[in-house]
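The report that follows describes the model displayed here, moving from charged pairs to the interior and then to the surface and the confidence of the prediction.

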Amino acid sequence: MDDQLMSEIVLTVLPEDKWKEIRKLEFSRFSNLIKELESLFIKEAKKDIRGIEDLTESAAEVSQVYRFVESKSSDMRDLS
């Protein structure tokens, strides 16, 4: 917990106040750190999953618009 390199690495993802809070604990510092990092990971993973769902939905909408335009173009060619 007192290792400078470890602190620098942890602070790239964990807010400084949370890191100080964990370091002040008398027991279970490492397990609390792991729980915090897991929590951050899950939060970010949920954002990514929502992003993928949004992207999939957008791709489906683009595909639907493309099919509609293609259908209209085909209808116009048939009328010519």
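Glu-16 and Lys-20 form a salt bridge in this predicted model, with the closest N and O atoms 3.5 Å apart. Both residues belong to helix α2, where they are 4 residues apart, about one turn of the helix. Glu-16 counts as partly exposed because its relative accessibility of 47% lies between the limits of 20% and 50%, and Lys-20, with a relative accessible area of 45%, is likewise partly exposed.

A search of the whole structure finds 4 salt bridges, and three of the pairs are set out below.

| Pair | N to O distance | Placement |
|---|---|---|
| Glu-16 and Lys-20 | 3.5 Å | both in helix α2 |
| Arg-23 and Asp-2 | 3.3 Å | helix α2 and the segment before α1 |
| Glu-36 and Lys-18 | 3.4 Å | helix α3 and helix α2 |

The side chains of Arg-23 and Asp-2 meet in a salt bridge at 3.3 Å, N to O. This pair links distant parts of the chain, 21 residues apart, with Arg-23 in helix α2 and Asp-2 in the segment before α1. Arg-23 is partly exposed, with a relative accessible area of 33%, whereas Asp-2 is exposed, with a value of 63%.

The side chains of Glu-36 and Lys-18 also meet in a salt bridge, at 3.4 Å from N to O, and this pair links helix α3, which holds Glu-36, to helix α2, which holds Lys-18, across 18 residues of the chain. Salt bridges that share partners join Lys-18, Glu-21 and Glu-36 into one network. Glu-36 is partly exposed at a relative accessible area of 23%, and Lys-18 is partly exposed at 24%.

Turning to the interior, the largest nonpolar core is made up of 6 residues, namely Met-1, Val-10, Leu-14, Trp-19, Ile-22 and Leu-33. Within this set, Leu-14 can be followed in detail: leaving aside neighbours within four places in sequence, Leu-14 is in contact with Trp-19, Ile-22, Leu-33, Glu-36 and Leu-40. Ser-7, which lies in helix α1 (residues 4-10), counts as buried because its relative accessible area of 6% is under 20%. Not counting residues up to four places away in sequence, Ser-7 touches Met-1, Trp-19 and Arg-23.

In the loop between α2 and α3 lies Ser-28, which has a positive phi of about 60° although it is not a glycine. Ser-28 is partly exposed, at 45% relative accessibility.

Helix α3 covers residues 29-79 and includes Lys-47, a partly exposed residue with a relative accessible area of 45%. The C-alpha atoms of Lys-47 and Gln-4 are separated by 31 Å, the two residues being 43 residues apart along the chain. A nonpolar surface patch of about 290 Å² is made by Val-65, Phe-68 and Val-69. Of these residues, Val-69 is found in helix α3 and counts as partly exposed at 45% relative accessibility.

As to confidence, the mean pLDDT of the protein is 84, and 92% of its residues reach 70 or more. The lowest confidence in the protein is in α3, at a mean of 80, and the highest is in helix α2 (residues 16-24), at 92.

Conventions. Residues numbered from 1 in each chain as written. Heavy atoms only, no water. Core = buried A, V, L, I, M, F, W, Y, C linked by side-chain atoms within 4.5 Å. Buried < 20%, exposed > 50% of the residue type's maximum accessible area, 1.4 Å probe, protein only. Contact = heavy atoms within 4.5 Å. Helix = DSSP H or I, 4+ residues; strand = E, 2+ residues; numbered from the N terminus. pLDDT = per-residue confidence, 0-100. Patch = residues over 30% accessible without salt bridge, like charges linked within 9 Å, V, L, I, M, F, W, Y side chains within 5 Å. Areas by Shrake-Rupley, 256 points an atom, 1.4 Å probe, with all protein chains shown as cover.
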